[in-house]
Amino acid sequence: MLLIGLGIGILAIIVSAILGPKKPSRTKLMAYESGNDPLPGGRERFPVHFYLVAMLFIIFDIETAFFYPIAVAYGKLGAFAFWETVTFVALVLVGYIYIVRKGVLEWD
């Protein structure tokens, strides 16, 4: 198993060396973060809306992991599982409505 992981890692490095940029320039090597243009200094604060979207995504991602056990045991849980899932989707929808009304998803 260790050899397979090592092989995949080495293969990824070789493929990136073959397919990667041949003539690196300052523009090609610049980091690109969250839709903001990269600026020198690195002392700028991220706007709060990045964190709101990230937190909502993490909550949705973690809670989605709990859908699998509900789907497996759906026959035994019945109506409880259905209403629990509907409640979760409604709560996530409330979060999305909140960030849309705050203008977080407007990337100008």
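Buried residues have under 20% relative accessible area, exposed residues over 50%, and partly exposed residues lie in between (1.4 Å probe, protein chains only). The views below show a predicted model, in which local features need pLDDT of at least 70, side-chain atom pairs count only at pLDDT 80 or more, and totals for chains, interfaces and linings use all residues. Residues are numbered from 1 along each chain as its sequence is written, and side-chain values use heavy atoms, with hydrogens and water left out.

**View 1. The protein chain comprises six helices and zero strands.** Helices (H or I, at least four residues) and strands (E, at least two) are DSSP runs, numbered from the N terminus. Along the sequence, the pattern reads α-α-α-α-α-α. Of the 108 residues in the protein chain, 9% are buried. The exposed area of the chain is about 9600 Å², of which carbon and sulfur atoms supply 71%; accessible areas come from the Shrake-Rupley method with a 1.4 Å probe, and for residues only the protein chains shown count as cover. Among contacts with a separation of 6 or more, 48% join residues 24 or more positions apart, a contact being heavy atoms within 4.5 Å.

**View 2. Helix H1 covers residues 2-19.** Its 18 residues reach 26 Å from the first C-alpha to the last, close to the 26 Å expected at 1.5 Å a residue; the expected span is 1.5 Å times one less than the number of residues. H1 is hardly covered, with a count of zero buried residues. Leu19 belongs to this helix, and Leu19 counts as exposed because its relative accessibility is 69%.

**View 3. Helix H6 spans residues 79-101.** This helix has 23 residues and extends 33 Å from its first C-alpha to its last, close to the 33 Å expected at 1.5 Å a residue. Ala81, Phe88, Val92, Gly95 and Ile99 are buried in H6. Their cover includes helix H3 (48-65), helix H4 (67-72) and helix H5 (74-77). Just after H6, Gly103 adopts a positive phi of about 80 degrees.

**View 4. Ile59 of helix H3 is shown with Val92 of helix H6.** The two residues are 33 residues apart along the chain, and their C-alpha atoms are separated by 8.4 Å. Ile59 has a relative accessible area of 48%, so this residue is partly exposed, whereas Val92 is buried.

**View 5. One aromatic pair is found in a search of the whole structure.** Phe82 and Trp83 form this pair, which is edge-to-face, with 4.9 Å centre to centre and 75 degrees between the planes. Rings of Phe, Tyr and Trp (its six-membered ring) pair if their centres lie within 6.5 Å; planes under 30 degrees apart count as stacked, over 60 as edge-to-face and the rest as tilted. Phe82 is partly exposed because its relative accessible area is 38%, and Trp83 counts as exposed because its relative accessibility is 53%.
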